[in-house]
Amino acid sequence: MLSLMCYKKGEDKLDMGKNTMRLLCASLSLAVICWLAEGTLSKTDAKKGATKKMEEKKLHSDKNVQDRGLVVVDPKAKDIILEHKSYCSKKMKERHFSGDVLGYITPWNNHGYDIAKLFGNKFTLISPVWLQVKRRGKERFQFTGLHDADQGVVFFFFKYELQYCYRLVPRILFDGWTYQDFESVFGSEDEIEELSKNMVLLAKNENFDGFVVEVWSQLGNQKRTTNQPGMFTKKEFDQLASAIDSFSLMTYDYSAPHRPGPNSPLPWVRACVELLDPDSKWRKKILLGLNFYGMDYSALGTSGEPILGSSSDEALDVKCRLQENVDDGPSTAEILLNRKDWHLFDEHLHKEEKMGCSGRAHGMVFTKHRYNPWHTWHFVACYIIVWQYIETLKEHKPKIVWDEQIAEHYFEYKKNKGGKHAVFYPTLKSVQLRLELAKELGTGISIWELGQGLDYFYDLL
């Protein structure tokens with residue numbers, strides 16, 4: 001997924017005029033293919049479970065996480081539990097990352113507002129997930145979601161009272177639009193002008209500094225073609241780069257319930273950026289995406305009985321080849337992370353054939369030497385955010401493992417009834433390495449979403 005941002009200063013604020021819309025139209029009219037991402041939160045995810053008593057620091061620290069020696073490849077579960085709320089209060093207004101930093105906020109996760117208030121100086125862009133635009137007929141558009149903006153009045157107060165300098169750029173979804181709607185609107189000068197005028201008027205009336213316009217994920221599978229690596233490629237990027245202020249690139253959700261594994265393999269993140277802008281002409285406009293949530297995977301056997309555990313009521317089939325002569329089957333992590341059998345990057349395939357730039361690649365490949373062919377397992381996955389992650393660490397006290405190839409941590413745990421799980425969740429080390437990669441590539445970053453991760457992550461920004 002990739003989102004576009006337009007924002008301007010002063011009287012030129014949000015000048016999404018005809019030229020930008022024409023360029024957007026030109027790229028949208030191309031045949032595209034989408035590797036769809038699953039959502040990370042729903043309103044029901046805000047429910048919290050019972051907690052086991054285990055020590056967590058309530059007071060903030062005078063030192064940042066680097067000075068406390070917490071950015072390591074071998075963290076202990078007890079240290080994460082103890083320290084995760086203890087950010088450095090003395091340096092919470094200092095920036096350590098020089099590029100643009102965009103933070104997404106959802107209205108059903110109030111802790112995201114808290115993070116924006118506490119660490120406002122570390123962000124250059126804040127995007128509340130508030131708005132939708134519906135097409136009600138020819139040259140007729142309705143904007144919804146402003147009730148969520150009304151609930152954010154206190155948020156606005158903090159922005160101006162504390163003199164934070166980030167731009168407020170709510171996300172807009174093209175809600176309920178068909179491919180024909182996109183073709184009709186962006187093929188008509190009158191419709192382009194009417195939509196642009198309505199967006200500018202909304203921004204002025206609501207004191208927005210611009211918008212994050214989410215288009216490509218809305219198109220989805222509405223129009224497909226073969227032999228295209230992704231729904232947004234270098235061609236579309238080059239067409240839009242001079243007219244768009246920033247591109248929010250979804251370099252996470254590499255894996256999904258139907259294709260389980262790591263969240264954001266570091267070599268793949270690099271490849272996504274380099275494929276879009278190999279000559280580094282527009283790197284400052286690319287916001288490399290960071291996930292502040294994780295995934296909890298388990299598996300069901302072909303009989304439907306849980307053999308590795310279950311943490312969600314959604315089971316999706318994947319084709320895997322399982323080890324021969326193993327009575328109980330491999331562990332979840334063995335299935336997902338066995339590097340002898342899993343090839344992220346096949347040297348015999350061209351990068352552009354292997355990877356698209358929409359936050360996707362083809363996924364895992366298993367060799368037939370070690371696994372029986374076409375044995376079907378039903379993988380089960382659930383998204384996991386901060387309180388679920390901490391509760392899992394408290395209950396199971398797992399050993400946290402570092403995978404050098406993907407530059408992510410994961411751990412396994414076992415349910416009381418015998419089910420096994422593998423959890424991939426960001427850590428200080430994995431976040432730091434992605435920030436270092438963004439600095440090396442010359443990009444900014446975007447975070448989905450504020451309030452899902454551990455509070456001490458923001459010491460790194």
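## The nonpolar cores

Let's start inside the protein. The largest nonpolar core has 93 residues, and Phe123, Leu195 and Tyr389 are the ones with the most contacts inside it. Helix 14, which spans residues 428-441, gives the most to this core: seven residues. A further core, of 21 residues, lies apart from it, and among its members are Val129, Met250, Tyr252 and Tyr383. If you are new to protein structures, here is a helpful background idea: in soluble globular proteins, nonpolar side chains tend to be buried together.

Please keep in mind that this is a predicted model.

## The chain as a whole

Now step back and look at the whole chain. The chain holds 14 helices and 17 strands. Of its 461 residues, 58% are buried. The accessible surface of the chain comes to about 20400 Å², and carbon and sulfur atoms account for 48% of that surface.

How do the contacts spread along the sequence? Among contacts in the chain with a separation of 6 or more, 80% are between residues 24 or more positions apart.

## Two stacked ring pairs

Aromatic rings are a nice thing to look for next. The count comes to 25 aromatic pairs. One of them is formed by Phe141 and Trp177, a stacked pair with 6.2 Å centre to centre and 20° between the planes. Phe141 belongs to strand 5 (residues 140-144), while Trp177 sits in the loop between strand 7 (171-174) and helix 6 (179-186), so this pair ties together parts that are 36 residues apart in sequence. Are these two residues buried or exposed? Phe141 has 12% relative accessibility and therefore counts as buried, as the cut-off is under 20%. Trp177 is buried too, with a relative accessible area of 4%.

Another pair joins Tyr389 and Tyr425. Their ring centres are 3.9 Å apart and their planes meet at 15°; because planes under 30 degrees apart count as stacked, this pair is stacked. Tyr389 is in helix 13 (residues 386-396), and Tyr425 is in the loop between strand 16 (420-424) and helix 14, so the pair links distant parts of the chain, 36 residues apart. Both Tyr389 and Tyr425 are buried. You have met Tyr389 already, as one of the residues with the most contacts inside the largest nonpolar core.

## A cluster of rings

Which residues do ring pairs link into a cluster? They are Tyr87, Phe119, Phe123, Phe292, Tyr456, Phe457 and Tyr458. Phe123 is another familiar name, since it too is among the residues with the most contacts inside the largest nonpolar core.

How values were computed:
Residues are numbered from 1 along each chain as its sequence is written. This is a predicted model: local features need pLDDT of at least 70, side-chain atom pairs count only at pLDDT 80 or more; totals for chains, interfaces and linings use all residues. Side-chain values use heavy atoms; hydrogens and water are left out. A nonpolar core is a set of buried Ala, Val, Leu, Ile, Met, Phe, Trp, Tyr and Cys residues joined through side-chain atoms within 4.5 Å. Buried means under 20% relative accessible area, exposed over 50%, partly exposed in between (1.4 Å probe, protein chains only). Helices (H or I, at least four residues) and strands (E, at least two) are DSSP runs, numbered from the N terminus. Contact means heavy atoms within 4.5 Å. Accessible areas come from the Shrake-Rupley method with a 1.4 Å probe; for residues, only the protein chains shown count as cover. Rings of Phe, Tyr and Trp (its six-membered ring) pair if their centres lie within 6.5 Å; planes under 30 degrees apart count as stacked, over 60 as edge-to-face and the rest as tilted.
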